[in-house]
Amino acid sequence: MRVDGGDVLRAPLVIRIAGFALVALTFFYLGKHWSDGYQQLIFFTSTENDGRGVVAAGGSTVALSPNFNKSFDVPALIKGNETQPVTEKALDSGQPPVAASPPPPPPAVKRYGIVDGNGTMSDDFEVGDFDPESVENWNNGTDTRDDGDGDRDGEKSGGFSITKFPVCDLTLKEYIPCLDNTEAIQKLVSTEKGERFERHCPEKDKGLNCLVPRPDGYKTPIPWPKGRDEVWFSNVPHPRLAEDKGGQNWIKVENDKFTFPGGGTQFIHGADKYIDQISQMIPEIAFGRNTRVVLDIGCGVASFGAYLFSRNVTTLSIAPKDVHENQIQFALERGVPAMVAAFATRRLLYPSQAFDLIHCSRCRINWTRDDGILLLEVDRMLRAGRYFVWAAQPVYKHEVALEQQWQEMLDLTTRLCWNLVKKEGYVAIWQKPMNNSCYLSREESTKPPLCDPDDNPDSVWYVDLKACITRLPENGYGANVSTWPERLVMPPERLQTVQIDAYISRNELFKAEMRYWTEIITGYVRVFRWKEIRMRNVLDMRAGYGSFAAAMLDQQIDGWVLNVVPVSGPNTLPVIYDRGLVGVMHDWCEPFDTYPRTYDFLHASGLFSVERKRCNLSSIMLEMDRILRPGGGAYIRDTVSVIEELLPIANAMGWITDLRDTGEGPHASYRLLRCDKH
């Protein structure tokens, strides 16, 4: 009878099982026969000795077989096995036998994180204890310890660590390093164009190396929305602005508080009525839909921007640190987005076509000087087809000097191809063109000229102002943004201008970043109860496309985010503004242009691992401490090695630290360092 492979497979189940069992037994006995009489290659653990009686570091090791790198005559070995019985199964290693040490037990791991053992978010986590005496006993003087291994930039390195930073002199309680550098300002050749109000940062070895103190009687800021209308006097103890502007309904002193009635120099009847007037003059402005991002120049105490919040508009208020130097400090204390900035000789740190509306109410700027170079900077930042609002005496007063200023302004705006769409009372509104056709149709000798085609209007870090008109992109980028809130989640066209390696996948990267931060912020809100803590003024120190801020909006957290784009990475600021968010360019190797104690929360994701080759990590951390209010917090997400460097610095600043796993779990290469400033 002939049986092929197909017949076997078709045989009854009992016959197949019996056949497989017979084959298995055959191989078992053959293997036992051929293996029992032979020496075997055995790998074993042993304790190595360096010849001096010292056990080598590492403990138990894996030893090589003595037959390593040897060749054998297999037939001879087989023949020899038949005549020479073997008494030992193990090969002689040439060393006396050593008992194998058992492996050490795994170390007990104590983790703190927001994920449980199954990798899911958990509300059950452990928070370390805080000893209040550590803060109460804080005093001046930098306490250091050196174990002989040297140091790097004053940070922990080898055996060196800083255990405590000193507290600065009380005179520095409102210190802004790059704007209060008296030594550098005194060396300026000229200050007639406002050079003294620009950045003049201390030299590298003269930077801040102490903790800026808070004023006596400092209190936790009054939360929004009540904080819009009143702040503690002790937090910004400067009554001069109230004395100078008391009759203009800006600011008043009432008992232990400053109050803000909502007025301004040109809108003494209140910001709300003033905003209504602008809306009625040009209905297309449509605050909260067509107009989402506004720049308020010479903002005073920022009541214009404060009242626009209720209309779904984010207004960035700017003013120089001049005779009314605390304007921006009042604005930030109220909870309104604001920065110290001046129209002088350099570009402001915002991209081209950033703002849907730019507002100037008695901002004391001579727009027509130097061939209109300052208004040309406004033109660079104003989005195509959008509006410039000017409320000032030349608009409505009929004095000779003021009428001449009005005519000069009309002449300049005409040459800029701006269209005066409405003039009513003391307010004039111009509209910027949608494209370059008007510029190109001017007479060839008309000034100011168009900027060179190779000029990058988004290059702003220490870039001088240029007396030329910024060209609009021929493809309409920047002008074609959708309305709010749709624009927040739609990948904008200017995403294609960001200098990154990806091209086709840019939209996918944009969406992936949004999903990433939405998931993380959702977890923070649930686990760390973000909606129950004050997070009004938030600074994202490495913003990417602004998705951290977008996710906070999605979670309806009652705050605003200033998105910082570091100069060390790709310039994503145009994308951030196209989404309806606000941001600024900055180099974290230098101090930031804001007053101390002006942010409730700082967020730094991947910042330090990028900047550690360029900057002193201690200087960035000290700058974070300067701008973070007492009682505020900071979240730092970075690599494990970076977090290990930052942890002793944070402790040396007196921050209360809490190290957590990220959502990727305990074995991820990233960690989350949560910090509280007490």
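Here are some questions and answers about helix packing, cavities and backbone features in this predicted model.

Reader: Before we start, what pLDDT do local features need here?
Author: Residues are numbered from 1 along each chain as its sequence is written, and side-chain values use heavy atoms, with hydrogens and water left out. As this is a predicted model, totals for chains, interfaces and linings use all residues, side-chain atom pairs count only at pLDDT 80 or more, and local features need pLDDT of at least 70.

Reader: Is helix α18 parallel or oblique to α19?

Author: Helices here are DSSP runs (H or I, at least four residues), and strands are E runs of at least two, numbered from the N terminus. The axes, lines fitted to C-alpha atoms over the stretch in contact, with angles from 0 to 180 degrees between N-to-C directions, come within 10 Å for α18 (residues 617-627) and α19 (residues 640-652) and cross at roughly 45°. Angles under 35 degrees count as roughly parallel, over 145 as roughly antiparallel, 65 to 115 as roughly perpendicular and the rest as oblique. That angle therefore makes α18, relative to α19, oblique.

Reader: Which residues of α19 meet α18?
Author: Contact means heavy atoms within 4.5 Å. From α18, the partners are Leu617, Ser618 and Met621; from α19, they are Glu645, Leu646, Ile649 and Ala650.

Reader: What is the volume of the largest cavity?
Author: On a 1 Å grid over the protein atoms alone, a cavity is a set of points where a 1.4 Å probe fits but cannot get out, and lining residues have an atom within 4 Å of a point. There are five cavities of 30 Å³ or more. A volume is the space filled by probe spheres set on the points, and for the largest cavity this is about 240 Å³.

Reader: Which lining residues are closest to the centre of the largest cavity?
Author: The largest cavity is lined by 18 residues. Closest to its centre are Arg199, Ala342, Arg347, Leu349 and Asp593.

Reader: Which proline follows tryptophan 484 through a cis peptide bond?
Author: Most peptide bonds are trans. In the loop between α13 and α14, the bond from tryptophan 484 is cis, with omega about 10°, and it leads to proline 485.

Reader: And where is proline 448, which has a cis bond from lysine 447?
Author: The bond from lysine 447 to proline 448 has omega near -5°. Proline 448 is in the loop between α13 (437-440) and α14 (506-527).

Reader: What is the phi of asparagine 255?
Author: Asparagine 255 lies in the loop between β6 (252-254) and β7 (257-259). Although this residue is not a glycine, its phi is positive, at about 55°.

Technical notes: On a 1 Å grid over the protein atoms alone, a cavity is a set of points where a 1.4 Å probe fits but cannot get out, and a pocket is an open set with protein on both sides within 12 Å along at least five of seven lines; lining residues have an atom within 4 Å of a point.
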